[in-house]
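Open the model in your viewer and keep the sequence panel visible. The stops below are given in the order in which to select them.

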Amino acid sequence: MLLKEWFSKEKSMHMKYIALEKEYLMPFVERENYQISSKCRLHPDNDLFRDQEQHKIHVDINEWKCGYCKKSFRAERYLDQHFDNRHYNLLNVSEGKCLADLCGALHCDFVMNSKSPRTKCNPAAVAKNRHLCESLADRCFPLNQGRSASHLHELFLHQFCDAHTCSGKKKHFPKGGKKQTSVIYLAVSILTLMLLPLFYLIVYLYQREMRQGKQELRRITRVGQKTKPS
Ligand SMILES: [Zn+2]
């Protein structure tokens, strides 16, 4: 594989991984107020593409500037393409910051396809990913580093490692994330706010209809009574 090709594959993995970490891990780490050690692969300093992200200059809504060569672009994706084409050689890969195997351990593909793959389960691959996942938990949230660390260790195993099984019974990311719940919450609130006036409108219209109906009936009976005796 060409180096450039490898980078583009690595970068798409990376984007998947970042999305996953943001949604299913960071809310819990923040809640525990825990500082991830730089020895951990999940630490931002071990992020291969962070340097690129820091060289993105957002000048205006429609202007993005490359921090390396100061060239301007109309959209962020053009700048991303520019990084891929011009500056991929600036990435520091010497320290083995490749995320592809990490992605296997953390189910990146599951997140992006949003359904489990139908391919046959390979016990050896599953065992390897599970081991990688558990060693990540040990390194990032060491059990001897206090209550927060051991709590996050347990959560990490539960959230990412337990699903590495061929039995297919374990759920991916059972705890969900901050983003997802807030979206559902927002949707429910908006729906309620929209339905409430509609409900009152229906009640109002119904009552008005009833009142009109009664008046109509009274008039008819009055007319009927007047004509009857003559
Ligand atoms: Zn540039």
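The tour goes from the whole chain to a pair of helices and then to some single residues.

**Whole chain**

This is a predicted model, in which local features need pLDDT of at least 70 and side-chain atom pairs count only at pLDDT 80 or more, while totals for chains, interfaces and linings use all residues. Residues are numbered from 1 along each chain as its sequence is written.

Colour by secondary structure. The protein has 9 helices and 3 strands; here helices (H or I, at least four residues) and strands (E, at least two) are DSSP runs numbered from the N terminus. Along the sequence the pattern reads α-α-α-β-β-β-α-α-α-α-α-α.

Next, colour by burial. A residue is buried if 20 or more other C-beta atoms lie within 10 Å of its own, exposed if 12 or fewer, and partly exposed in between, with C-beta atoms placed from the backbone. Of the 230 residues, 14% count as buried. For contacts, the cut-off is C-beta atoms, placed from the backbone, within 7 Å. Among contacts between residues at least 6 apart in sequence, 61% join residues at least 24 apart.

**Helix α7**

Select residues 123-140, which form helix α7. The expected span of a helix is 1.5 Å times one less than its number of residues. For the 18 residues of α7 that gives 26 Å, and the end C-alpha atoms are 25 Å apart, which agrees.

Which residues of α7 are buried? They are N129, C133, L136, A137 and C140. Look down the axis of α7: its buried residues fall within an arc of 100 degrees, so they line one face of the helix. The arc is that of the directions from the helix axis to the C-beta atoms. The face of α7 turned away from this buried side carries the exposed residues P123 and A124.

Stay on P123, in helix α7. P123 counts as exposed because it has 9 other C-beta atoms within 10 Å. Now add C166, 43 residues away along the chain: the C-alpha atoms of P123 and C166 are separated by 6.5 Å.

Move to R139, also placed in helix α7. With 14 other C-beta atoms within 10 Å, R139 is partly exposed. Leaving aside neighbours within four places in sequence, R139 is in contact with K39 and C40. Between R139 and L42, 97 residues apart along the chain, the C-alpha separation is 9.7 Å.

**Helix α8**

Select residues 147-161 for helix α8. Its 15 residues should span 21 Å at 1.5 Å a residue, and its end C-alpha atoms are 20 Å apart, which agrees. The buried residues of α8 are L152, F156, Q159, F160 and C161. These cover an arc of only 140 degrees around the axis, which puts them on the same side of α8.

Pick H158, found in helix α8. H158 counts as partly exposed, with 16 C-beta neighbours inside 10 Å. The C-alpha atoms of H158 and F173, 15 residues apart along the chain, are separated by 7.6 Å.

**The α7/α8 pair**

Show both helices together. Two packed helices are described by the angle between their axes and the distance between the axes. α7 and α8 pack at an angle of about 160 degrees, with their axes 9 Å apart. That makes α7 roughly antiparallel to α8. Axes are lines fitted to C-alpha atoms, for helices over the stretch in contact, and angles run from 0 to 180 degrees between N-to-C directions. Angles under 35 degrees count as roughly parallel, over 145 as roughly antiparallel, 65 to 115 as roughly perpendicular and the rest as oblique.

The crossing of α7 and α8 is right-handed, meaning that the near helix is turned clockwise from the far one by less than a right angle (anticlockwise would be left-handed). Where do the two helices meet? Select R130, C133, E134 and A137 in α7, which meet H153, F156, L157, F160 and C161 in α8.

**Two loop residues**

Select N33, in the loop between α2 (26-31) and α3 (50-54). Phi of N33 is near 55 degrees, a positive value in a residue other than glycine. N33 counts as exposed, with 7 C-beta neighbours inside 10 Å.

Finish at K70, in the loop between β2 (63-66) and β3 (72-73). For K70, a residue other than glycine, phi is again positive, near 65 degrees. K70 is exposed, with 8 other C-beta atoms within 10 Å.
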